[in-house]
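Thanks, everyone. Let me put the model up, and then I'll walk through a few local features.

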Amino acid sequence: MGESRQQCCHLFQFCSYSSPIFLLLVLLPFTTQVNGRSTSSRHGSGSSHASSSGECDLFTGTWVLDPSYPLYKNGTCPFIQKEFSCERNGRPDHIYTHYRWQPLACNLQRFDGQDFLERMKGKSIMFVGDSLSLNQWQSLTCLLHSAVPSSNYTIDRVGSVSTFTFTEYGVKLMLDRSVYLVDVIREDIGRVLKLDSIEGGKLWKGIDMLIFNTWHWWYRRGPTQPWDYIEVGGQVMKDMDRMKAFEKALETWAAWVDTNVDPTKVKVFFQGISPSHYNGSSWNDPSAKNCVHETTPVAGSTYPGGTPEAVAVLKGVLATMKKPITLLDITNLSLLRKDGHPSLYGLFGLDCSHWCLAGVPDTWNEILYNLMI
């Protein structure tokens with residue numbers, strides 16, 4: 001079966017927890033419609049394709065308490081990385097694990113891990129992105145492992161790609177760490193973020209389902225910024241408007257998808273922008289400086305602070321694409337979950353950006369499953 005389950009756990013790490021590279025790779029700071037089309041639809045080719053859930057908007061709803069949740073227990077998923085393992089890290093409240101997402105106009109079908117594996121038998125799924133992709137990837141491995149706990153698995157890592165394989169089903173769950181999607185190349189002048197280049201895309205070919213994500217690294221500055229210069233259109237500069245840079249990178253990624261993806265063989269998703277909660281004024285509680293001590297979601301279906309500009313930029317690029325892409329529009333439902341972050345029970349002190357497991361990313365994957373069936 002390959003390595004023992006205990007040994008395999010270590011392969012999930014970006015690198016050693018004490019490594020400066022690992023420290024660099026983990027922390028940072030949101031569902032409506034695009035061109036009048038439902039966010040639960042695919043974008044591209046000027047048409048929309050509803051999922052089997054019909055025209056219902058799966059991304060507009062409320063969080064409700066449900067004692068049958070979470071979908072797995074923290075203690076029964078041995079490979080959750082420390083920064084997401086809030087319960088093991090001493091978080092005293094557990095009510096945050098018992099919320100279920102309820103769309104306003106329909107119901108989500110409960111995640112069925114065995115059905116998921118049967119549908120994907122012999123196929124590969126790759127998450128491509130930053131530590132929020134890691135968050136969702138680890139959630140999916142836990143959801144599936146809990147459904148078939150006696151099924152053998154292996155874990156491996158080659159370069160930037162980690163692979164969790166359910167050997168009985170031949171299903172590969174992969175993670176490619178690519179925080180900008182476009183390339184960062186070391187040259188004589190230093191590390192160059194190349195907004196027009198996406199050579200890393202060679203790793204994405206031959207995969208049956210691709211789930212992309214980027215955002216949280218676009219405003220990094222100082223010692224945690226992993227590039228020294230930006231290059232775009234043949235021009236090298238020390239810096240530029242970061243939102244423009246984000247948009248240009250998305251355009252480069254979109255062109256790659258339109259050129260390289262055969263939609264009859266490959267399903268492509270984009271994980272919507274995952275929000276942070278560092279300012280209580282955005283959920284109408286000016287006394288809250290961050291997510292610490294938050295134990296319940298925002299009531300209702302509308303987040304008081306609205307959604308950030310990055311959401312509109314992302315949807316604008318998706319609307320120009322020729323190939324069908326499904327936006328996993330998790331921004332608003334995640335904005336409502338100010339209680340779902342590790343806060344003081346992560347790895348590096350205060351973390352109001354990532355999510356506890358079990359927790360909010362399980363719902364992202366539950367919606368992903370509903371879009372598949």
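Start with A358. It sits in the loop between α7 (331–335) and α8. The peptide bond joining L357 to A358 is cis, with omega about 0°. Keep in mind that this is a predicted model.

There is another cis bond to look at. It runs from Y69 to P70, and omega there is near 10°. P70 is in the loop between β4 (61–65) and β5 (99–103).

Now back to the loop between α7 and α8, where S343 also lies. S343 is not a glycine, yet its phi is positive, about 50°. Is S343 buried or exposed? At 5% relative accessibility, S343 counts as buried, because the cut-off for buried is under 20%.

N284 also has a positive phi without being a glycine, at about 65°. You'll find N284 in the loop between β15 and α6 (309–318). N284 has 60% relative accessibility, so it counts as exposed; that takes over 50%.

Next, the largest cavity. Its volume is about 90 Å³. It has 14 lining residues, and the closest to the cavity centre are Y69, T97, Y99, G359 and D362. Y69, remember, is on one side of that cis bond to P70. Which helix gives the most to the lining? That is α8, residues 360–372, with 4 residues. By type, the lining divides into 8 nonpolar, 3 polar and 3 charged residues.

On to helix α4, residues 131–147. It has 17 residues and spans 24 Å from first C-alpha to last, close to the 24 Å expected at 1.5 Å a residue. At its N-terminal end, D130 acts as the cap. A side-chain oxygen of D130 lies 2.9 Å from the backbone nitrogen of L132. Of the 17 residues in α4, 15 are buried, so the helix is largely enclosed by the rest of the structure.

Take one residue from that helix: S133. S133 is buried, with a relative accessible area of 1%. Beyond its neighbours within four places in sequence, S133 contacts F127, V128, L175, N213 and Q271.

That last partner, Q271, is in strand β15, residues 267–271. Q271 is buried too, with a relative accessible area of 1%. What does the side chain of Q271 make a polar contact with? The side chain of Q136, at 2.9 Å. Leaving out residues up to four places away in sequence, Q271 touches several others, including L132, I211, L328 and W364.

That's my list. Happy to go back to any of it on screen.

Conventions:
Residues numbered from 1 in each chain as written. Predicted model: local features only at pLDDT ≥ 70, side-chain atom pairs only at ≥ 80, totals over all residues. Heavy atoms only, no water. 1 Å grid on protein atoms, 1.4 Å probe; cavity = no way out; pocket = protein on both sides within 12 Å on 5 of 7 lines; lining within 4 Å. Points joined across faces, edges and corners; volume = space filled by probe spheres on them. Helix = DSSP H or I, 4+ residues; strand = E, 2+ residues; numbered from the N terminus. Nonpolar A, V, L, I, M, F, W, Y, C, P; charged D, E, K, R; others polar. Expected span 1.5 Å × (residues − 1). Buried < 20%, exposed > 50% of the residue type's maximum accessible area, 1.4 Å probe, protein only. Polar contact = N/O pair within 3.5 Å; in protein donor to acceptor, adjacent residues only side chain to side chain. Contact = heavy atoms within 4.5 Å.
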